[in-house]
Amino acid sequence: MTRNEILTSVNEIFIETMDNKDIVLEEKTQAADVDEWDSIIHILLVVAIEKKFNIRFASNEIQNWKDIGEIIDSISSKI
Amino acid sequence: MKDFLQLKKNIKKDFSGFKTIKLAVLGDTATQFLTQALVGQGYEHGINLDIWEADFNQIERQVYDPSSELYGFKPEYVIVFKASHKLLGKYNKLKPDEYTMLASNEISSIETICSTITNNLDAKVIYYNYTEIDDAIFGNHANKTESSFLYQLRKLNFGLMELASKNPNLYLCDLSSIQNQVGKPVMFQPAMYINTEMVLSIDILPNVAAKTLDLISTLNGKFKKCVILDLDNTTWGGIIGDDGLENIQIGSLGIGKAFSEFQYWVKKLKNRGIIVAICSKNTESVAKEPFEKHPDMVLHLEDISVFIANWENKADNIRQIQSILNIGFDSMVFLDDNPFERNIVRENIPEICVPELPEDPADYLEFLYGLNLFETVSFSNEDSERTKLYQIEAERAKTAQKFTNEDDFLKNLAMVSTVAPFNKFNTPRIAQLSQRSNQFNLRTVRYSEADIERISKSGDYATFSFTLEDKFGDNGLICAIILQKENEDTLFVDTWFMSCRVLKRGMENFVLNTIVDYAKENGFHTIKGEYIPTAKNPMMKDHYPNLGFDKDGTFFTLDVNHYQTKSNYIKVKN
């Protein structure tokens with residue numbers, strides 16, 4: 001799976017979880033760039049991504065991502 | 001079952017038209033998601049939950065401070081959720097010689113929390129029991145070691161059951177049984193707990209919310225009273241009309257074990273007071289043969305309240321069962337292996353619950369366990385007698401056909417009634433009827449055992465309970481009246497409900513005579529009644545006018561001094 005394909009999947013998960021069709025993610029997108037993306041939603045996103053890719057993140061990964069690119073790094077290292 | 005995101009979307013839907021229930025949530029871990037799941041699941045149950053959520057880890061502060069937000073909110077239900085992981089944290093900090101005291105200390109602290117809440121609020125407490133954690137310090141030996149965490153946790157869960165069985169305002173929501181059903185890896189996700197202080201996984205929240213709502217809606221009088229069974233390939237394997245008595249699968253034949261175990265489950269439900277009815281496409285004599293002759297049958301004809309076997313359509317047959325039993329369709333469950341029959345019934349009677357039974361009968365029981373269809377909040381000895389009562393009712397219906405004159409029929413019944421104020425012997429049954437009775441219920445105010453006890457001791461009320469016995473048998477306690485002394489002149493009928501088993505017997509007249517007698521003896525001149533409409537009680541709409549009350553705004557009044565004693569054929573039993 002290419003980084004772009006992963007990005008597309010992650011984007012779909014964001015749209016579904018936040019119930020907002022207008023979200024367009026890039027590698028540089030940060031939590032501050034998306035209105036609904038608070039610490040509570042973050043947990044739902046993590047669980048949804050884990051389920052989608054059938055992976056598990058470690059606790060320290062979840063807390064240390066700076067942007068979408070780093071989330072994709074974590075995902076691609078596990079699949 | 002809907003997943004968490006779907007429940008979350010429910011929150012934005014239209015809850016108007018649903019009953020609003022005020023609920024407080026107190027937890028020692030983060031409960032935001034649980035609260036969202038509860039509101040969303042409320043939509044599935046037709047309940048509008050108005051939730052106030054305490055800040056994280058504020059249970060004691062909210063409960064012991066009389067001016068706290070908890071008491072300001074005045075909830076009807078208070079969920080107290082103390083997580084097993086916090087319990088483990090507490091255990092970890094104890095000195096080894098204190099380990100054995102953990103469970104008993106917790107029980108007494110929970111007891112105080114509950115009594116403080118219920119003494120200061122007119123509320124019921126829902127306590128989540130503890131999911132098991134084995135910290136693997138002792139291995140299997142934990143079971144032999146009182147100081148192990150597992151020993152203390154299980155002792156605590158057992159202590160909670162003892163506490164709840166004695167405390168009418170404390171109800172347990174069985175989180176532990178959910179974990180047994182799905183397994184700890186599904187229930188609990190360590191990374192989420194470490195990062196967020198949440199102990200319930202996202203995937204399990206809908207189950208926990210559903211289990212909680214099952215309890216709340218049952219406490220509000222919505223629950224199942226009857227299971228209707230198909231026969232061929234549901235109650236036994238094979239087709240009795242084709243295969244014959246010797247070849248149907250029950251007991252040790254073929255996959256008979258699955259059906260035998262299913263029948264034991266139904267029998268236990270029947271013993272608990274669930275009415276069992278049969279609805280089968282068969283010739284009646286053929287359908288009854290296994291019940292009469294097959295040595296491996298667990299269910300017998302005396303377990304069945306209504307037996308309908310013919311070639312008519314099942315929706316019509318179920319309507320007939322409903323008219324005999326006189327209970328709502330929404331309190332019935334229909335079990336049938338045939339998807340076609342299930343759909344016909346579902347389409348024609350949308351209120352009835354029709355589970356999508358798995359294809360393999362081996363899966364029936366585990367599937368049905370998971371649905372938790374028969375939630376209840378009370379159990380009395382009379383429940384186990386219910387089958388007999390409904391069979392007697394079927395007999396009575398036959399006798400009624402023989403008498404064209406209703407008066408002759410009623411005279412012939414030789415009815416007697418015991419009239420008594422509420423007391424400690426009849427309180428459980430009255431509270432139970434208060435929860436169950438829907439159709440003949442003028443105001444549908446639900447009272448728990450504790451409420452009934454409080455009312456019976458108060459000088460502001462007069463209370464009456466009525467039994468009804470006739471030549472066919474004893475119906476037991478079937479009616480309760482609560483009169484509120486509104487002022488020196490007026491008695492207000494706060495509660496009038498009756499079991500539908502005794503409709504059309506002249507009981508209304510007998511009850512009103514009793515009320516008027518009481519009023520006269522105690523110097524009251526007016527009896528005031530009220531009808532509060534619900535989806536279930538439209539037949540009570542003209543109850544008071546029919547009894548000679550005058551309409552007075554939204555109320556109905558009766559002038560005691562001009563009352564003519566109403567005729568009936570019920571005698572007071574001394």
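This briefing walks through the cores, one strand neighbourhood and the chain contact of the structure above. The model is predicted: local features need pLDDT of at least 70, side-chain atom pairs count only at pLDDT 80 or more, and totals for chains, interfaces and linings use all residues. Residues are numbered from 1 along each chain as its sequence is written, and chains are lettered from A in the order in which they are written.

**Nonpolar cores**
- The largest nonpolar core (buried Ala, Val, Leu, Ile, Met, Phe, Trp, Tyr and Cys joined through C-beta atoms within 7 Å) has 82 residues, and V10(A), V78(B) and L205(B) are among those with the most contacts inside it.
- Helix 11 (residues 205-219) of chain B gives this core its largest share, eight residues.
- Apart from it lies another core of 45 residues, including L477(B) and V516(B).

**Around strand 4 of chain B**
- Strand 4 (residues 124-128; strands are DSSP runs of at least two E residues, numbered from the N terminus) has five of its five residues buried, meaning 20 or more other C-beta atoms within 10 Å of a residue's own, with C-beta atoms placed from the backbone.
- K124(B), I126(B) and Y128(B) lie on one side, V125(B) and Y127(B) on the other.
- Strand 3 (residues 77-81) pairs with strand 4 in the parallel sense over four bridges; pairing takes at least two DSSP bridges.
- Strand 5 (residues 170-173) also runs parallel to strand 4, joined by four bridges, and I126(B) has Y171(B) as its bridge partner there.

**Where the chains meet**
- Nine residues of chain B are in contact (C-beta atoms, placed from the backbone, within 7 Å) with 11 residues of chain A.
- Helix 10 of chain B (helices are DSSP runs of H or I, at least four residues) supplies the largest share of chain B's side, five residues.

Methods: A residue is buried if 20 or more other C-beta atoms lie within 10 Å of its own, exposed if 12 or fewer, and partly exposed in between; C-beta atoms are placed from the backbone. Two residues are in contact if their C-beta atoms, placed from the backbone, lie within 7 Å.
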